[in-house]
Amino acid sequence: MTDRNGPFGRLPEHLLVEIFIRLPTCEWVQISCVSKHWASIFQGECVWQTAIARNWPSAGLRKRWPGPIPRGSARRRFQALYVSQNLVSSGGDIDELVGHTYLYLKEQLERPVIAPSSILHGTIIDQFIACGRTGEKAHELASKIWLAVIDNLEENQQTFVLLKRLSQEGEFFLPFPYSRSYEVLWRVFDKLFTDFRDCFSRVDYHDALAGAKSRFQPVPSTWLGH
């Protein structure tokens with residue numbers, strides 16, 4: 001615990017914020033646990049607004065956007081900008097909306113009751129189109145976000161159940177750009193048969209493999225064998 005009468009304890013909050021934002025973000029959770037005072041700083045907006053201004057100066061100039069996915073708090077904005085810079089490739093540009101869409105999709109997929117992937121995909125497409133993206137660009141960005149979310153899911157039973165459900169969803173005829181990406185579906189099957197193969201029963205494995213063969217020919221040899 002920090003001593004409020006020690007050198008750090010006597011620093012005004014705005015100086016603490018300036019120190020914190022210069023430390024690696026991976027250490028912020030530990031820093032926030034040092035004292036109740038420091039925890040309250042990270043629960044507020046100032047540290048996140050200052051971090052955004054330092055790391056992405058132009059982000060403060062961006063207007064709010066229309067559509068179903070909101071921008072949210074400064075902390076949420078920081079997370080979205082970080083995601084756009086580090087997890088989702090967007091041609092070298094930092095696109096805050098891409099980060100917010102990633103967070104939205106990841107949270108939806110982690111809910112106890114999940115909407116059909118076609119509904120989630122449609123919401124993402126509508127969001128990008130509402131913000132002026134073409135249908136082709138919206139489909140491209142949505143596919144990148146799906147791939148990034150799938151690649152960053154934890155390897156646990158919940159993820160196995162999720163991927164199995166996504167692989168079993170029926171095919172719906174939807175016009176472009178609302179049609180599902182085959183690249184995303186491929187990644188779902190690939191993770192199932194490589195990272196989660198031991199989670200299958202023999203019957204479920206053969207059912208999943210039959211579903212994969214009905215969509216992709218030929219299937220990779222790495223998907224075979226249980």
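Here are some notes on the pocket, the aromatic pairs and one polar contact in this predicted model.

1. Let me start with the pocket. The largest one has a volume of about 430 Å³. Its lining is made up of 16 residues, and T25, V29, W48, R75 and Q79 are the closest to the centre. If you want a place to begin looking, those five residues mark the middle of the pocket.

2. Which helix gives the most to this lining? That is helix 5, with five residues. Helix 5 is not on its own, though: helix 2 (28–32), helix 3 (36–43) and helix 6 each supply at least two residues as well.

3. On the chemistry of the largest pocket, the lining residues divide into 11 nonpolar, four polar and one charged. R75, listed among the residues closest to the centre, is that charged one, since Arg counts as charged.

4. Now to the rings. Searching the whole structure turns up 21 aromatic pairs. One of them joins F20 and F42, which are stacked, with 5.3 Å from centre to centre and 25° between the planes. F20 belongs to helix 1 (residues 13–20) and F42 to helix 3, so this pair ties together parts that lie 22 residues apart in sequence. Both F20 and F42 are buried.

5. A pair with another geometry is formed by F200 and Y205. Their ring centres are 6.1 Å apart and their planes stand at 75°, so the pair is edge-to-face; the cut-off for that label is over 60 degrees. Are these two residues buried or exposed? F200 counts as buried because its relative accessibility is 5%, and Y205 is buried too, with a relative accessible area of 2%.

6. F200 and Y205 also belong to a wider group. Ring pairs link them into a cluster with F160, Y182, W186, F189, F193, F196, F216 and W223. It may help to display this cluster as a set when you go through the aromatic pairs.

7. Last, a word on D95. This residue is found in the loop between helix 5 (74–86) and helix 6 (96–109), two helices that both supply residues to the lining of the largest pocket. Why does D95 count as buried? Its relative accessible area is 18%, and the cut-off for buried is under 20%. The side chain of D95 has a polar contact at 2.6 Å, and the partner is the side chain of R133.

How values were computed. Residues numbered from 1 in each chain as written. Predicted model: local features only at pLDDT ≥ 70, side-chain atom pairs only at ≥ 80, totals over all residues. Heavy atoms only, no water. Helix = DSSP H or I, 4+ residues; strand = E, 2+ residues; numbered from the N terminus. Buried < 20%, exposed > 50% of the residue type's maximum accessible area, 1.4 Å probe, protein only. Polar contact = N/O pair within 3.5 Å; in protein donor to acceptor, adjacent residues only side chain to side chain. 1 Å grid on protein atoms, 1.4 Å probe; cavity = no way out; pocket = protein on both sides within 12 Å on 5 of 7 lines; lining within 4 Å. Points joined across faces, edges and corners; volume = space filled by probe spheres on them. Phe/Tyr/Trp six-rings, centres within 6.5 Å; stacked < 30°, edge-to-face > 60°.
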